[in-house]
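Trainee: I've just opened this one and don't know where to start. Pick a spot and walk me through it, please.

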Amino acid sequence: MKIRSFIVTLASILLGAVFAVSAQEIVVIGGAKYTIHDVAKGETLYSLAKQYGVTVDDIKAANASLVDGLKAGTRIKIPAKVASHTTAPAQPMSRMHKVVKGETLYSLAKQNNLTIEELRAVNPHIKRGLKAGQVIEIPLRATQPIVEQTATSTQPSTSTPAPQTDIAPTSQVAPTQTEVATEHKPLSTAQFRTLKQGDTAEVALLLPLGSEERPTQNYLDFYRGFLVGLDSVRMSGHSINLNLYNTAHDYNRVEQIISSGALDKVDLVVGPVYEDELLPVATALQRRNIPIVSPLANLTHTTSDLVFQMSPSPATKLEKVRSMFDGSKRVVIISTESIDAAFDAEVRSMLRDSSYVVEHKYIYEHPSVIEKREKEREKARAEGLVVDDTPSPSDMSPLLRGTEPTVIVITASNEIDVDRILAAIASANIALTARSQRVVPFIVFGNNRWNRYNNIDRAILFANNVTMLSTYHARRSEPIIRAFDKRFVEEFGTLPSLYAYRGYDAAVVFIKSLFGAMETGLEGAHLTPLLTPYSFEQHPTSGIRVNNQWIKVNYNSNFTITTE
């Protein structure tokens, strides 16, 4: 099955809160059902209206893009035809309400058994939210249980998205997080249910996709990668229904989705991305023992044995490199005025057994300054004067002379400083070698935060034998990654990011496990969907099942990359 046969349009994703994504291409947006239709050549609004039993105005109202006309090859939403035994209600009676401080669209909708869309429909002036003192109209109608509310939507969040080059969400905590964390108690070991062959897995995916005006590309990539993984699982003979929820990083929206009953029958929840949104989901599903996957965050407040954390814990980060700092090698720490305190502390925590540590304070000097000073020194020597031969703090040559195996650590936090130091090390290596002077065998232990830097020439990593730890690795030269990239480009017309790879992993690891190893909580399982491995251990205090697999990435001087 082609992936695009069950992808909802981006506009639909961003405008709604929950979608049922299936081969029938039925989506639910704001409580209303739509059929996704691929426009064929020769079709008109009139012919489509007749085909689906709706009016031309109904179709236009559901698709703002039709202001430019109907175009072949595009995807549009067709409103589901209302059953013949139901009739549109008469214009409801309403009452006027003065907004008080602290009231929100969500709280007023819940108090009055309405949806947020119904409130907005009669109050077009509140699209940007409520203000204390405003007078709004509240429709009065027969009581409708909130479980019948298929989807809701709130004002799009303006939270800063995660960095493009690092698959981890921006750490932000909702005001209600402390309260929820206090109420949520550690659980006994969960017994997950394994689905049988022929069962249909009900999967909920909760992502902060943003708004139509400000879509979040990272999480759209995650969703697309998830769809590729979903298709792979389907091809192995399993049936899956996927429900997509746009949380927009809005705590109230997550609570609203839970209150609507949308998660009452799921077998697996992937997301939310942010921890402040995860806590109420874990609380709501604890009685049913439904596995919940946190795909990107490092969790610090959650206590639940339902939760799987795909990102490896910082607590296990240094195990793969501890031998580099066990005292068998000289350690050179190069610092600047601005240092990365966390990285510096990590390194120094491993130096207890190292008796040979060299500290060097790097200060940038322009080559012309160094050249001028050297000429002055040569002149002084010729005159028989005593010369101060202290090397420039920019010169790395003294640190590279010798025979003892060396680990160089750069603790600078500034991208420009890191780039300059790496260039200085490479330059000193070349200069010493050209003069037939012995260069110590060395490696540079890099900070994984360097992956966020856009201006460092990656070739300099190979020149300096850089080794760094990473939460995720995907080498595009590998056949399995090339195959994924090819499929992704064919479906979406763009290269995948690391978020797309993690989305694929999440689908393959956890949906497949629903039909196999989930009953054991993945204990003892070692899974590698692409190149990144996953092995989960349960935290003794929080109960969270945390991936313990950090990846050691080695940039070798022969321009190859190896991983451990």
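Trainee: Which residues is Pro272 in contact with, if we skip its neighbours within four places in sequence?

Mentor: Leu206, Glu277, Leu278, Val281 and Pro295. Contact here means heavy atoms within 4.5 Å. Before you go further: this is a predicted model, where local features need pLDDT of at least 70 and side-chain atom pairs count only at pLDDT 80 or more, while totals for chains, interfaces and linings use all residues. Residues are numbered from 1 along each chain as its sequence is written, and side-chain values use heavy atoms, with hydrogens and water left out.

Trainee: Got it. Where is the place of Pro272?

Mentor: Look in the loop between strand E9 (268–270) and H9. Helices (H or I, at least four residues) and strands (E, at least two) are DSSP runs numbered from the N terminus.

Trainee: And is Pro272 buried or exposed?

Mentor: Buried, at 0% relative accessibility. The cut-offs are under 20% relative accessible area for buried, over 50% for exposed, and partly exposed in between, with a 1.4 Å probe and protein chains only. If you want a distance to try out, the C-alpha atoms of Pro272 and Ala248 are 10.0 Å apart, with their places 24 residues apart in sequence.

Trainee: Zooming out, how many helices and strands does the protein chain have?

Mentor: It comes to 16 helices and 20 strands. The protein chain has 564 residues, and 50% of them count as buried. Take its contacts with a separation of 6 or more: 70% of those are between residues 24 or more positions apart.

Trainee: Okay, helices then. At what angle do H8 and H9 cross?

Mentor: Roughly 20 degrees, and the axes of H8 and helix H9 (residues 275–285) come within 9 Å. The axes are lines fitted to C-alpha atoms, for helices over the stretch in contact, and angles run from 0 to 180 degrees between N-to-C directions.

Trainee: What does that make H8 and H9 to each other?

Mentor: Roughly parallel. Angles under 35 degrees get that label, over 145 is roughly antiparallel, 65 to 115 is roughly perpendicular, and the rest are oblique. The crossing of H8 and H9 is right-handed, which means the near helix is turned clockwise from the far one by less than a right angle; anticlockwise would be left-handed.

Trainee: Which residues of H8 meet H9?

Mentor: Tyr251, Val254 and Ile258, and on the H9 side they meet Asp276, Glu277, Pro280, Val281 and Ala284. Tyr251 and Val254 are also among the buried residues of helix H8 (residues 251–259), along with Arg253, Gln256 and Ile257. Just after H8 comes Gly261, with a positive phi near 85 degrees.

Trainee: Let's try another pair. How do H7 and H15 cross?

Mentor: Their axes cross at roughly 110 degrees and come within 11 Å. That makes H7 roughly perpendicular to H15. The residues in contact include Arg224, Val228 and Asp231 of H7, and Phe484, Arg487 and Phe488 of H15. H7 also packs against helix H16 (residues 498–514), at about 40 degrees with the axes 6 Å apart, and that crossing is right-handed.

Trainee: You mentioned Asp231 and Arg487. What do their side chains meet in?

Mentor: A salt bridge, 2.5 Å from N to O. The rule is a side-chain nitrogen of Lys or Arg within 4 Å of a carboxyl oxygen of Asp or Glu. Arg487 is in helix H15 (residues 479–492) and Asp231 in helix H7 (residues 217–235), so the pair ties together parts 256 residues apart in sequence. Asp231 is buried, at 3%, while Arg487 is partly exposed, at 22%.

Trainee: How many salt bridges does the count come to?

Mentor: 14. One of them joins Glu359 and Arg348, at 2.9 Å from N to O. Glu359 sits in strand E13 (residues 357–361) and Arg348 in helix H10 (residues 341–349), 11 residues apart. Asp344 comes in too, since a network of salt bridges links Asp344, Arg348 and Glu359.

Trainee: One last one. What does Lys375 form a salt bridge with?

Mentor: Glu371, with the closest N and O atoms 3.7 Å apart. Both are in helix H11 (residues 367–382), 4 residues apart, so about one helical turn separates them. Lys375 is exposed, at 54%, and Glu371 is partly exposed, at 45%.
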